[in-house]
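Please open the structure in a viewer and keep the sequence panel visible. The tour below proceeds by selections, each followed by a description of what is found there.

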Amino acid sequence: MIAMTLAQIADVVGGEVVGQAGPVTVTGPVVLDGREAGPGSLFVAFVGERVDGHDHAAQAGESGAVAVLGSRPTELPTVVVDDTRHALQQLAAYVVAEVRRTGGLTVVGLTGSQGKTSTKDLLGAVLGHAAPTVATRGSFNNELGMPLTALRVEPDTRFLVLELGARGKGHIAELTRLVPPDIAVVLNVGQAHLGEFGSQEAIAEAKGELVEALAPTGAAVLNAGDERVAGMARLTAAPVVTFGTGEEADVRVEGLRLDRLGRPSFTLATPQGSVPVTLQVVGAHQALNAAAAAAAALAAGLAPAEIGEALSSVTTLSQWRMELRELADGVIVLNDSYNANPESMRAALDALASIGVAPDVRRTVAVLGEMLELGDSGAAAHEAVGAYAAQRGIDQVLVVGDGARGIAVGAGARSTLVPDNAAAVAWVREHVSEGDAVLFKASRGARLDEVASTLQ
């Protein structure tokens, strides 16, 4: 964060400084968890259903926080406001505007029904190769996570990559009013959160809010292979760059091939020339994510050669996203347990199937849990995932929890249904052995990372 005195912060957010005995300047990170504070931090205190952050101000101070932003005074110097969330957002908007004004910051907003976090990770790495870059950590993509990311910019930050999520219409528009994007990236319109939106058309309208936020001087990066996304070109007067696998895309994946662990290599074709890319992350779908990241990087002014080099150097994504481990006992673990929807389930099963063709892989095992927030389509969607696993030739499908029962129905005889994670752990310990490749995939609420840790 840029250095600001408490008086400056109070002026920006419309608050009052209480308990300040002398000059206080915030220089460190802005945090919601006092344990994450460091020297010069600003601790933002919220009152929740079970925890009142104000009660932890002293702990934040012990970790290095010098002040609090909250709704009542604390042991530390405090900027007191009526609405802490609104104040946090206003502070983020001010800080980004200041760095834009003085340092030439470029803001990239990114959204989509699936692949947001992986694409954001790839894009953050590519831009970080070229200049100081701040990108969303994990999936901090909501009304609190986005401001916290924005507040990490420093005076020398040149790129800010913001992953933007939505659980309803107007959510992305609200975030873009705070921090307008220079480049808007829309990956796809799928079935994630279908239960909340009601239809894919409503999801498309919500994702399109990012494109609508562009100034004519910006750039829209759109998936040429998704008709709902490609149609968003009409929502902006800004130039449009498309990505995909077909000839109609400006930035294309050509000659895709996978190694024994499902890691893609391909030629990245762009209007400025073609470059080879060899990704070190797993799944054919990551090639399309890489193309999206490349298209955004081109719009930001990078050259194809440096983009290809940077993409090929990325070794890890955010936690529990297609994490690949080859264990000493000969088991291959693919942990993609952070989240799930029908599209990402199929992509993960494709990755497992591609690993399964390697001669040293004895058997493929998919440990699958419930996909949440699918609404009335949930039962059919789970059954379709099970059928897809069978179609892809997955040898064993372990289905965890009654909410995912439809997967077992779809997978048929190759499936086993267990009631909970404890039973899944017992099954994995008894049945997984040398030569097995094991995928873990479910919505975050299923916490299948707990089962994956049995092997890892």
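## First stop: A125

Select A125, which counts as partly exposed because its relative accessibility is 26%. The model on display is a predicted one. A125 is found in helix α4. Leaving aside neighbours within four places in sequence, the contacts of A125 are A310 and V314. Add A293 to the selection: the C-alpha atoms of A125 and A293 are separated by 9.5 Å, although the two residues are 168 residues apart along the chain.

## The binding-site annotation

Next, select G112, S113, Q114, G115, K116, T117 and S118, the positions at which UniProt, in an unreviewed entry, places the feature "binding site". Within this selection, focus on S113. Is S113 buried or exposed? S113 is buried, because its relative accessible area is 7%, under the 20% limit for that class. The loop that holds S113 runs between β8 (106-111) and α4 (116-130).

## Residues 31-91

Now select residues 31-91, which the unreviewed UniProt entry annotates as "domain: Mur ligase N-terminal catalytic". Over this stretch the chain is 23% helix and 18% strand. The C-alpha atoms at the two ends of residues 31-91 are 13 Å apart.

Within that range, select T84, a residue of helix α3. With a relative accessible area of 7%, T84 is buried. Apart from neighbours within four places in sequence, T84 is in contact with V44, A45, F46, L69, G70 and S71.

## Helices α1 and α3

Keep α3 (residues 84-103) in view and add α1 (residues 6-13). How do the axes of these two helices cross, and within what distance do they come? They come within 9 Å and cross at roughly 110 degrees. The two helices are therefore roughly perpendicular to each other. To see the contact itself, display I9, V12 and V13 of α1 together with A87, Q90, L91 and Y94 of α3. Of the residues in this contact, six are nonpolar, one is polar and none is charged.

## The nonpolar cores

Which residues have the most contacts inside the largest nonpolar core? They are M1, I9, L91, L160 and V179, in a core of 56 residues. Helix α3 supplies the largest share of this core, with eight residues. A second, separate core has 40 residues, among them F159, L268, A291 and A292. As general background, nonpolar side chains tend to be buried together in soluble globular proteins.

Return to M1 and display its surroundings. Beyond neighbours within four places in sequence, M1 is in contact with I9, V26, T27, G28, V30, L91, V95, L151, R152, V153 and E154. Two of these partners, I9 and L91, have already appeared in the contact between α1 and α3.

## L144 and its contacts

Select L144, located in the loop between β9 (133-135) and α5 (145-150). L144 is partly exposed, with a relative accessible area of 22%. Not counting residues up to four places away in sequence, L144 touches L32, F46, R85 and L88. F46 is also one of the residues in contact with T84. Adding L175 brings in a residue 31 places from L144 along the chain; the C-alpha atoms of the pair are separated by 9.8 Å.

## Two residues with positive phi

Most residues other than glycine have a negative phi. The next two selections have positive values.

- Select E373, where phi is near 65 degrees. E373 is found in the loop between β19 (363-368) and α13 (378-391), and it counts as partly exposed at 33% relative accessibility.
- Select R447, where phi is near 55 degrees. R447 lies in the loop between β22 (436-441) and α16 (449-455), and its relative accessible area of 39% makes it partly exposed.

## Last stop: A379

Finally, select A379 in helix α13. Is A379 buried or exposed? A379 is exposed, with a relative accessible area of 60%. To close the tour, draw a distance from A379 to P155: these residues are 224 residues apart along the chain, and their C-alpha atoms are separated by 50 Å.

Methods. Residues numbered from 1 in each chain as written. Predicted model: local features only at pLDDT ≥ 70, side-chain atom pairs only at ≥ 80, totals over all residues. Heavy atoms only, no water. Axes fitted to C-alpha atoms, helices over the stretch in contact; angles between N-to-C directions. Helix = DSSP H or I, 4+ residues; strand = E, 2+ residues; numbered from the N terminus. Parallel < 35°, antiparallel > 145°, perpendicular 65-115°, else oblique. Contact = heavy atoms within 4.5 Å. Nonpolar A, V, L, I, M, F, W, Y, C, P; charged D, E, K, R; others polar. Core = buried A, V, L, I, M, F, W, Y, C linked by side-chain atoms within 4.5 Å. Buried < 20%, exposed > 50% of the residue type's maximum accessible area, 1.4 Å probe, protein only. UniProt positions renumbered as here; feature names shortened; annotations may be inferred.
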